[in-house]
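Student: I'm new to this one. Could you take a close look at a single part for me, the aromatic ring pairs, and walk me through what sits around them?

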Amino acid sequence: MNKKAPNKPILEVENLKVNFHTYRGEVKALNGVDFKLYRREVLALVGESGCGKSVTALSITGLLPENAYIVDGKILLKGENLLEKSKEEMRKIRVSEIAIVFQDPMTFLNPVLTIKTQLEEVFMLQEDMLKEAAAIKKSKGSLQFMDLIKSKEKNKKQGEDVAVSKISKKELKEIAEELCTDILRLVKLPDPERILKQYPFELSGGMRQRVMIAMALARRPSIFIADEITTALDVTIQAQILHLLKELKEKIDTSVIMITHDLSVAAEIADRIAVMYGGNVVEIAPTVDLFKKPLHPYTQMLLKAIPDITNPRERLESIPGTVPEMINPPPGCRFHPRCKHAMPICTKERPKIKVVEKNHEVACFLF
């Protein structure tokens, strides 16, 4: 019997270090971030504000601001180092391979253009995909966005590109319009024909976020990054968005990086959780294992600060001290000034992340 091939990572971040030029000095935002993302996995990056979650996402997508620069490291997408790509190459990768959705959709949706215009533009950037869609419609007599997902998976397995014939711009636009309607149905938006005619300000926060998710999925990305996308939503809508992402993960051949400061959100959707502190990943584990047996002192203290309905307490534990100042961070392990287990070596060397139990990685000198 043939052994099942191991699941290879689709994305590998290795020793990523990022600094920012500011008027106060150099901000050392990332201090050697390491993690892997596997196919059809949801990996949650969690941690306090300022720990480097969003900077990690911006580094992966090539969207760092001009005052930021990569000091060291690699970001390997399917084996290719994204840090060696030009701006134009990264733009093409964002069109077809990596999609990101941010916290506030109103910041990224154009207020003077209809939803149809903006969503259609995403499809029109992908002429080959529209030609592929036209071929599918011709053979099947109908067209759904999921047909394109299945077509991409099939072509990937066969290692082939779909042969497409010449098609007019008018026909491409008609195909794009049809896909706009269908993808809004896919993200559970009611009456998509009406929504396509509306402007962003006419939609609720949850509906705008679904439109942003649709715009991201329209690219058939290999990696979907969700950066605090539920933070500005009320609890009910938040639950709906998380449920939607779980459904889409099963349907669509994509891997998800979920960035959040809320451990309950991570617990709801993630297969694995990577805990960040002070610009480092300090622990990575399957979600159940992390909650049952946290190993890093920071993770242990984070979980003790969360209310537990099965074990109510009058007072929750807090983490002593403050988040490190990134312009002048502490040497060695950046958590050592707040850690009750700190040893002399912690003040001198940064612990490397390593496997200490099955699928459980920790960056700590206790292990």
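Tutor: Let's start with Phe201, which counts as exposed at 57% relative accessibility. Keep in mind that this is a predicted model. Using a cut-off of 6.5 Å between ring centres, the count comes to six aromatic pairs. One of them joins Phe102 and Phe108: the rings are stacked, 4.6 Å centre to centre, with 20 degrees between the planes. Phe102 is buried, since its relative accessible area is just 15%, while Phe108 is partly exposed at 43%. Phe201 has a stacked partner too, namely Tyr199, with the centres 6.1 Å apart and the planes at 15 degrees. Tyr199 is partly exposed, at 31% relative accessible area.

Now hop over to Tyr277, Tyr298 and Phe335, which ring pairs link into a cluster. To place that cluster, look at strand β9, which covers residues 272-277, and helix α13, which covers residues 297-304. β9 pairs with β3 (residues 42-46) in the parallel sense, over four bridges, and Ala44 stands opposite Ile273 in β9. Helix α13 packs on the sheet, touching β9 and β10 (280-286), and its direction makes about 105 degrees with that of β9.

Step back and you'll find eight strands in an open, mixed sheet, ordered β6-β7-β8-β3-β9-β10-β12-β11. The edges are β6 (98-101) and β11 (354-357), each pairing on one side only. From one strand to the next, the twist averages 25 degrees.

Definitions and conventions: Residues are numbered from 1 along each chain as its sequence is written. This is a predicted model: local features need pLDDT of at least 70, side-chain atom pairs count only at pLDDT 80 or more; totals for chains, interfaces and linings use all residues. Side-chain values use heavy atoms; hydrogens and water are left out. Rings of Phe, Tyr and Trp (its six-membered ring) pair if their centres lie within 6.5 Å; planes under 30 degrees apart count as stacked, over 60 as edge-to-face and the rest as tilted. Buried means under 20% relative accessible area, exposed over 50%, partly exposed in between (1.4 Å probe, protein chains only). Two strands pair if DSSP finds at least two bridges between them. Helices (H or I, at least four residues) and strands (E, at least two) are DSSP runs, numbered from the N terminus. Axes are lines fitted to C-alpha atoms, for helices over the stretch in contact, and angles run from 0 to 180 degrees between N-to-C directions. Contact means heavy atoms within 4.5 Å.
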